[in-house]
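Please open the model in your viewer and keep the selection panel at hand. The stops below move from one pair of helices to another and end in two loops.

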Amino acid sequence: VVGVDAVEFLDLHGGSVEYGMRLRRVIDDVGRRNRPENVITGNFRDTFGGRNLNQADHIAVGKAVLDAVRDAGNRWIFPEQLVDGLAPWGGVRAVWAANSPDSTHGVDTTDTFQAGVDSLKAHAAYIEGLGWENWDPAEFLEGIAGATGPRVGAAFGAAFEVFPLGWGD
């Protein structure tokens, strides 16, 4: 729906993801194989800037992403992955955490807003499983992106807390 060419499922089950070495190892492996320059993760803070609590899975994954992108460049961490020509990867320049209450950066998402709504609609089975009766993806995203948009001079926007990984950045 949003134009992604490849999706890789990591065999982690929603509601039971825990921060730790197993999660870091899985994410580290993805980083070493795909060699990204920038990584986007979700908000890993306890809240979204107020009383709205974050989900435990989101917190665990976000924290593990920060650690795993650094781990990927260290040949001493998860050395068992370094086979068949796979090498450490320390080329990630920054991790961008979406919707953090400590966001300092923003991106205009006005032109892609409807694709985001369509993407959430495609997660119907997941949303139904949460028991959110009469939940509206457009209303949900309008509340978030509509509040961020004016901060970046647009109708809709996405906010990020950015963690540079280079020395002196």
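In this predicted model, begin by selecting helix α1, residues 21-34, together with helix α2, residues 56-71, whose axes lie 8 Å apart and pack at an angle of about 55 degrees. The two helices are therefore oblique to each other, and their crossing is right-handed. To see what makes the contact, show the side chains of L23, R24, I27, D28 and R32 on α1, and on α2 those of A60, V61, A64, V65, D67, A68 and D71. Coloured by class, the residues of this contact fall into seven nonpolar and five charged, with no polar residue among them.

Stay with this pair and centre the view on L23, which belongs to helix α1. Is L23 buried or exposed? With a relative accessible area of 3%, L23 is buried, because residues under 20% are counted that way. If you display everything in contact with L23, leaving out residues up to four places away in sequence, you should find L12, V17, E18, A60, V61 and A64. A distance drawn between the C-alpha atoms of L23 and A60 should read 8.5 Å, although 37 residues separate the two along the chain.

Next, select α2 alone and follow its length: this helix has 16 residues and spans 22 Å from its first C-alpha to its last, close to the 22 Å expected at 1.5 Å a residue. Its buried residues are D57, I59, A60, G62, A64, V65, L66, D67, A68, V69 and D71. Which elements do these buried residues pack against? Adding α1 and the strands β1 (38-42), β2 (94-98) and β4 (157-164) to the display shows the partners of the buried residues of α2.

From α2, move to T41, which sits in strand β1. T41 has a relative accessibility of 8% and therefore counts as buried. Setting aside neighbours within four places in sequence, the contacts of T41 are V61, G62, V65, V95, W96, A97 and A98, and of these V65 also appears among the α2 residues that meet α1.

Now turn to a second pair of helices, selecting α3 (residues 113-121) and α5 (residues 137-148), whose axes come within 9 Å and cross at roughly 135 degrees. That angle makes α3 oblique to α5, and the crossing is right-handed. On the α3 side, display F113, G116, V117, L120 and K121, which meet P137, A138, F140, L141, E142 and A145 of α5. By class, this contact holds eight nonpolar residues, one polar and two charged.

The last stops are in loops and concern the backbone. Most residues other than glycine have a negative phi, and it is against that background that the next two selections are worth a look. Select R35 in the loop between α1 and β1, where phi is positive at about 55 degrees even though the residue is not a glycine. R35 counts as partly exposed, with a relative accessibility of 36%. Then go to N134, in the loop between α4 (124-130) and α5, which is likewise not a glycine and has a positive phi of about 60 degrees. At 72% relative accessibility, N134 counts as exposed.

Definitions and conventions:
Residues numbered from 1 in each chain as written. Predicted model: local features only at pLDDT ≥ 70, side-chain atom pairs only at ≥ 80, totals over all residues. Heavy atoms only, no water. Axes fitted to C-alpha atoms, helices over the stretch in contact; angles between N-to-C directions. Helix = DSSP H or I, 4+ residues; strand = E, 2+ residues; numbered from the N terminus. Parallel < 35°, antiparallel > 145°, perpendicular 65-115°, else oblique. Left-handed = near helix turned anticlockwise from the far one by under 90°. Contact = heavy atoms within 4.5 Å. Nonpolar A, V, L, I, M, F, W, Y, C, P; charged D, E, K, R; others polar. Expected span 1.5 Å × (residues − 1). Buried < 20%, exposed > 50% of the residue type's maximum accessible area, 1.4 Å probe, protein only.
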